[in-house]
Amino acid sequence: MANSASRICRVGVDIGGTFTDIALELDGVLHSTKVLTDYTAPERAILRGVEAVADLAGIHLGEIRQLIHGTTLATNALIERRGAKTALVTTEGFRDVLEMRTENRFEQYDLNISLPPALIERADRFVVRERVDASGKVLLALDGASVAVVVDAIEKGGYESVAIGFIHAYANGRHETLVRDALLTRIPGLSVSISSEVSPQMREFERFNTVCANAYVKPAIKSYLDRLVVSLKDIGVVCPVFMIHSGGGIVSVDSASEFPVRLVESGPAGGAIFAANVARHHGLDSVVSFDMGGTTAKICLIENYVPKTAKTFEVARTYRFRKGSGMPISIPVVEMVEIGAGGGSIAGVDSMRQIRVGPHSAASEPGPACYQRGGTKPTVTDADLILGKLDPDNFAGGAIKLSVEASRKAMVNEIGSEIGLDDIAAAYGTCELVDENMANAGRVHTVENGKNIADFTMITFGGAGPLHAARLCEKMGITTFLVPPGAGVGSAIGFLRAPFGYEAVRSSVFNLSRFDWAAANRLLDDMTKEALGFVEGGLDDKEPVIERTMFMRYSGQGWDIPVALSFAKFDGGSAASLAETFEEAYGRFFGRAIEGLEMEIVSLSVKASSPLPPAERIGSIDTGNQVHSTSRRQLFDAASGVFLEAGIHNRDELTAGDVVRGPAVIVERETSTVITAAFKAIVQRDECLRVTRI
């Protein structure tokens, strides 16, 4: 055995709605496990999982050199409204921005439309007299008397956390800082978040929501992370702990504690990084990642080996998949679209006697009916079990024994008896509904981006992703999908592939006809220092990769597009080249540029990250020898509507060049890959399953 001091051991931990996934990489070799998420104390599941995976790898906990963590805890706190008692302090006249929203109706003809309630109730929103204009000029100085009144009210109200969001604070945050200082002078232990640090971007509705969300989850997330670090040390894990953020980079625990809203999409972001890394090794420049876990299913478009990103997204949508029905968060994020339910999503019958799945989930407590942990409602996992996709004796590596009888009973009681179906028909309907909804949402998302989803290769992962990928590809016309090694814990592995990185985004309007390039350079310099300040601890002696992006529009437009900035400094001739670059980008987005209109920059982004190691290209294996299995079971084929005899293969026993023709199921510890009759799988040199249409 090599000297433990020279061994490279890193751990990725992803807390999901149903399972907590652990991936340990020891000198390039991966070991992984899944444990049920503990909702009472999430760190307990991490401790159990880390100890279990260390045993699998045959190492002591003290040999772990780095632990990278992603979690949905911030997301769940926002969705379930389980946060701190929070107040909002804002500019006089803007108290009701959170409820006024943007005045858009996301469902124009719904008379009973349900808008998400404001995160902070009106009684907990306070105003002070101050005013700054869009350029940062102070129009009305901060009124000390109104600040004193607000500080008194917050102290008497017993608030745990305060969000401060002033109009145009993205251009000048001085007044926000002064109010924070006044609050902390009076109440030293108070948690305070200010919008000019959390999200210095224009559009007050999105910015106010973001700083409120940060303040709302900050005390709980900080407490959780503090407990986690101490608990890990107690069991012998003394390495640094880092967090993955929504933009797909790694930051310190201290940074994550200060800006926890950046953790909202951290787990799924790891999955997109995982898929992008696989795409780089296989030379696939047009990929759609499909991540289906226990609670949700998400897709992400990955082109030229880079996941699609955005600077805003929504959480807690009241209408599933409907843009505008959720809470907007304006932070840099890997853009993933929720396209369906997860394995634990509950199925039922609605008032129209139609099967519906989700949004509620059985999660890990009590779990699907087949878990025999108290759950009585049918879920997607129960349907998969009835249709032969899962082995009841070998689920999660045999750690959880599944009951087919419990699944059948739940399916008949909640669905079959309501609409006259037997358990198989009810399970078939449940899976078809989920798969069709996901296929439709995937098609719509790619069309909105000017693409055809049939032109993409799918990379699938998550505990339920490989179970549904083949049927999804049949529906969407995709001819090839890949199932990488460790797909069941893909997001956790993605954490180990992520760079140290942070993206600073700030709004500042620069009209190109009177471009103040010196001011723009000062802003870029400040943003570069900010971004580097978050990642310098992870750079070692490497040179950081700096990416600069402008968000531009024609003057008067309400929407902007990203335009890559190819140089580090502006000069007197920059306006002309920026105009040309913008018009080229605009033409790619909308077909043609518009002549004669003013152009402007509205926001700038600077992303600093550690360089990725070069990817070794893996040549594709397209032919090989078909392998046959002596183990077989009945597998329902949705395309033909009947059960077929399917071969059962253990993935650990397959080698490069082996061909498995459908119908078949390839099983492994954390997931199973269903190969329908229309597909065949070929094992690649990196043990990836390349599944293609026959």
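Start by selecting Ser 330, which sits in the loop between β18 and β19 (333–334). Is Ser 330 buried or exposed? In this predicted model, Ser 330 is buried, because its relative accessible area is 2% and the cut-off for buried is under 20%. Now show its surroundings: leaving out residues up to four places away in sequence, Ser 330 touches Ser 199, Gln 201, Glu 206, Arg 207, Thr 210, Lys 311 and Thr 312.

**Next stop: helix α2**

Select residues 73–80 to light up helix α2. How many of its eight residues are buried? Six of them are, and the helix is mostly covered. Colour Leu 73, Ala 74, Thr 75, Asn 76, Ala 77 and Leu 78 to see the buried ones. To find what they pack against, bring up α1 (42–57), β4 (66–71), α7 (204–234), β17 (313–315) and β18 (327–329). Before you move on, click on Arg 81, just after α2, where phi is positive at about 55 degrees.

**A lysine in a strand**

Go to strand β14 (residues 296–303) and pick out Lys 298. Lys 298 counts as buried, with a relative accessibility of 12%. Leaving aside neighbours within four places in sequence, its contacts are Glu 265, Pro 268, Ser 289, Phe 290, Asp 291, Met 336, Val 337, Glu 338 and Ile 339. You can also try the distance tool here: from C-alpha to C-alpha, Lys 298 and Ile 682 are 25 Å apart in space, and 384 residues separate them in sequence.

**An antiparallel sheet and its helices**

Strands of a sheet pair through backbone hydrogen bonds, either parallel or antiparallel. For the antiparallel kind, show the four strands of the open sheet ordered β25-β28-β26-β27. Which strands are at the edges? They are β25 (501–511) and β27 (561–565), each pairing on one side only. From one strand to the next, the twist averages 25 degrees.

Zoom in on β25 and strand β28 (residues 599–609), which are joined in the antiparallel sense over nine bridges. One pair to label is Tyr 502 with its bridge partner in β28, Ala 608.

Now add helix α15 (residues 517–535), which packs on this sheet and touches β25, β26 (545–554), β27 and β28. The direction of α15 makes about 165 degrees with that of β25.

Then add helix α16 (residues 574–590), lying across β26, β27 and β28 and running at about 135 degrees to β27. This helix has 17 residues and spans 24 Å from its first C-alpha to its last, close to the 24 Å expected. Highlight its buried residues: Ser 574, Ala 575, Leu 578, Ala 579, Phe 582, Ala 585, Tyr 586 and Gly 587. These buried residues pack against β26, β27 and β28. Just after α16, look for Gly 591, which takes a positive phi of about 100 degrees.

**Last stop: a mixed sheet**

Finish with another open sheet of four strands, in the order β30-β31-β33-β34, where the pairing is mixed. At its edges stand β30 (632–637) and β34 (672–675); each has a single partner strand, so one side of each lacks a neighbour in the sheet. Ignoring direction, neighbouring strands here are turned by 35 degrees against each other on average.

In which sense do strand β31 (residues 642–650) and strand β33 (residues 664–667) pair? They run parallel, over four bridges. Select Ile 648, and you will find Val 665 standing opposite in β33.

Methods
Residues numbered from 1 in each chain as written. Predicted model: local features only at pLDDT ≥ 70, side-chain atom pairs only at ≥ 80, totals over all residues. Heavy atoms only, no water. Buried < 20%, exposed > 50% of the residue type's maximum accessible area, 1.4 Å probe, protein only. Helix = DSSP H or I, 4+ residues; strand = E, 2+ residues; numbered from the N terminus. Contact = heavy atoms within 4.5 Å. Pairing = 2+ DSSP bridges. Axes fitted to C-alpha atoms, helices over the stretch in contact; angles between N-to-C directions. Expected span 1.5 Å × (residues − 1).
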